[in-house]
Amino acid sequence: MMFDNALPHEKIESGQSNGFGRLKRYLKCHPKSSIGLGAIGLLLVVGAPIAQTRLIAQDTDTAEVNDARILSVETLAVEPVSNYEVARAYTGEIAALRASELGFERSGQLVEVYVQEGDRVATGAPVARLDTRNLQTQRQQLEAERARAVAQLAELEAGARAEDIAAAAAAVRDIEQQLILQQTQQSRREFLYNEGAISREELDEFTYERGALQARLDEAQSNLEELQNGTRQEQIDAQRALVQQLDASIADVDVNISKSTLTASFDGIVSTRQVDEGTVVGAGQSVIRLVEDAAPEARIGMPVDTASQMQVGDSQTIQISGETYSATVAAVLPEVDPDTRTQIVVLQLEQAALPRIHPGQTVRLNLIETLPAAGVWLPTDALTQGIRGLWSCYVLTQVDDSNPNVYEVKPQTVEILHQEADRALVRGTLQPGDRIVANGVHRLVPGQQVQPL
């Protein structure tokens, strides 16, 4: 029993001492076998140290194999964070402050277009003209009528001339003399009628003629009084109203003539020329498309929460066709787009960007947003996929206080909140200060011993 439980080198030593004792007793009893037994004894003496050496070497190799099974891993300490930053890009387009489809307010034949596509025009500059010959003729007619009305008004305001009054007075005197003569003749006719010299009919004729002369005298006296009293104010007012009416008609024609020349409503660039000379255009038909020649603005749709953080006057940096420009928040439109559920943020671009950008171009705004979230940043190489959409990482735990460099790994389930590049923000049961395996987790199994580099 002592032989069986002894260590390998102890077994050899014990076997060696027992073997020599038996050998001595055997040689005493069998002297003829001394030669063969001497050879056996020699093998025992030589082989025992060799066997002992091989067993010691085997123990050393076993220890080295055990040490080789402990993996060296890179580790990092858990540091919790309360928020994280996210880079977001929002896309919009460049829009001109104003863009108008210029057209005439009246119909007519287009006789001249002064601009070409791409031309820059100033406010009020003519860009096209309609035929106005009929309007010019109408204006001349109205001017003639007005001149006559003005002359009549002047005559009414000046009153009757002295010559007219004298002529009217002379007419009154003439009729008065005729009436006196008629009265004398009628007296004679009455005498003759009473004497029976003339008939009643002849007397009635003289009586009628006297009455007609009296009526003419009344009319002549009335005309004379009218001329002497001057023109009535009502007549003057009526004539003035006629003159004003003609003035309004002429002004209306002038407005139509002015509307026959199409002008630029603002400083801008001719974007499109819709029609050419000789075309009969209708009222409101687009002839020229004009885009404002001023610093354009960028209109970008953003989520309501992000748009609410934009303040008027804030400076932002935008990208257009790979170029970077400075812009200022001009407005945040109040309405939410029912399709995209976003709000439009209007950014005013710098004036220097005007020659290099055009309405309709795509613009991109990059923002860094800080979002609240409690978690831990881990390298993606430290994560291994688990079940039910969760992930795991390996936490180092102490195995033996006597060997502080040897640890065991235990999996901890985590949930990924956000991922960017080669790291991910996770949350789970990790505690501040925990050391986790930073990479090479595919080589590990739960409970495996490791040592940190």
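## Reading a predicted chain, feature by feature

Author: The accessible surface of the protein chain comes to about 28,300 Å², and 49% of that belongs to carbon and sulfur atoms. Keep in mind that this is a predicted model.

Reader: How many helices and strands does the protein chain have?

Author: There are 8 helices and 22 strands. Of the 453 residues, 28% count as buried. Now take the contacts between residues with a separation of 6 or more: 74% of them join residues 24 or more positions apart.

Reader: Let us start with a sheet. What is the strand order in the open sheet of 4 strands?

Author: First the general idea. Strands of a sheet pair through backbone hydrogen bonds, either parallel or antiparallel. Here the order is 4-11-9-6, and the pairing is antiparallel.

Reader: Which strands stand at the edges?

Author: Strand 4 (99-103) and strand 6 (120-121) do. Each has a single partner strand, so one side of each lacks a neighbour in the sheet.

Reader: How many bridges join strand 4 to strand 11?

Author: The count is 5, and strand 11 covers residues 286-292. To see the register, find alanine 99: valine 291 in strand 11 stands opposite.

Reader: Follow the chain past strand 11. Where is proline 296?

Author: Proline 296 sits in the loop between strand 11 and strand 12 (297-303).

Reader: Is proline 296 buried or exposed?

Author: Buried. The relative accessible area of proline 296 is 5%, and the cut-off for buried is under 20%. Look at the contacts too. Beyond its neighbours within four places in sequence, proline 296 touches Ile94, Ala95, Leu347, Gln348, Leu349, Leu354 and Ile357. Proline 359 is another residue to find: it is 63 residues from proline 296 in sequence, but the two C-alpha atoms are 7.3 Å apart in space.

Reader: Now the interior. Which residues of the largest nonpolar core touch the most other members?

Author: The general idea again. In soluble globular proteins, nonpolar side chains tend to be buried together. In this model the largest nonpolar core has 20 residues, and Met302, Ile318, Ile320 and Leu349 touch the most other members. Several elements give two or more residues to this core: strand 3 (80-95), strand 12, strand 13 (315-320), strand 14 (323-336), strand 15 (342-349) and strand 16 (362-379).

Reader: Which residues does isoleucine 320 touch?

Author: Leave out residues up to four places away in sequence. Isoleucine 320 then touches Ile94, Tyr325, Leu349, Ile357, Gln361, Thr362 and Val363. There is also a second, separate core of 18 residues, which includes Leu110, Ala128, Val270 and Leu290.

Reader: On to helix 4. What span should the 26 residues of helix 4 have?

Author: At 1.5 Å a residue, 38 Å is expected. The end C-alpha atoms of helix 4 are 38 Å apart, which agrees.

Reader: Which residues of helix 4 are buried?

Author: Leu135, Leu142, Ala149 and Leu153. These buried residues pack against helix 7. Just after helix 4 comes glycine 159, with a positive phi of about 85°.

Reader: How many salt bridges are in the whole structure?

Author: Side chains of opposite charge can pair when their charged atoms come close. A search of the whole structure finds 14 salt bridges. One of them joins arginine 133 and aspartate 131, at 3.1 Å from N to O. Arginine 133 is exposed, with a relative accessible area of 61%.

Reader: Which residue forms a salt bridge with glutamate 143?

Author: Arginine 139. The closest N and O atoms of this pair are 2.0 Å apart. Both residues lie in helix 4 (residues 133-158), 4 residues apart, about one turn of the helix. Glutamate 143 is partly exposed at 35% relative accessibility. Arginine 139 is partly exposed at 22%.

Reader: Where are the two partners glutamate 157 and arginine 240?

Author: Glutamate 157 is in helix 4, and arginine 240 is in helix 7 (residues 233-259). They are 83 residues apart, so to speak of the chain, the pair links distant parts. The closest N and O atoms in this salt bridge are 2.8 Å apart. Glutamate 157 counts as partly exposed at 41% relative accessibility, and arginine 240 does at 38%.

Reader: Which residues do salt bridges that share partners join into one network?

Author: Arg139, Glu143 and Asp254.

Conventions
Residues numbered from 1 in each chain as written. Predicted model: local features only at pLDDT ≥ 70, side-chain atom pairs only at ≥ 80, totals over all residues. Heavy atoms only, no water. Pairing = 2+ DSSP bridges. Buried < 20%, exposed > 50% of the residue type's maximum accessible area, 1.4 Å probe, protein only. Contact = heavy atoms within 4.5 Å. Core = buried A, V, L, I, M, F, W, Y, C linked by side-chain atoms within 4.5 Å. Salt bridge = Lys/Arg side-chain N within 4 Å of Asp/Glu carboxyl O. Areas by Shrake-Rupley, 256 points an atom, 1.4 Å probe, with all protein chains shown as cover. Expected span 1.5 Å × (residues − 1).
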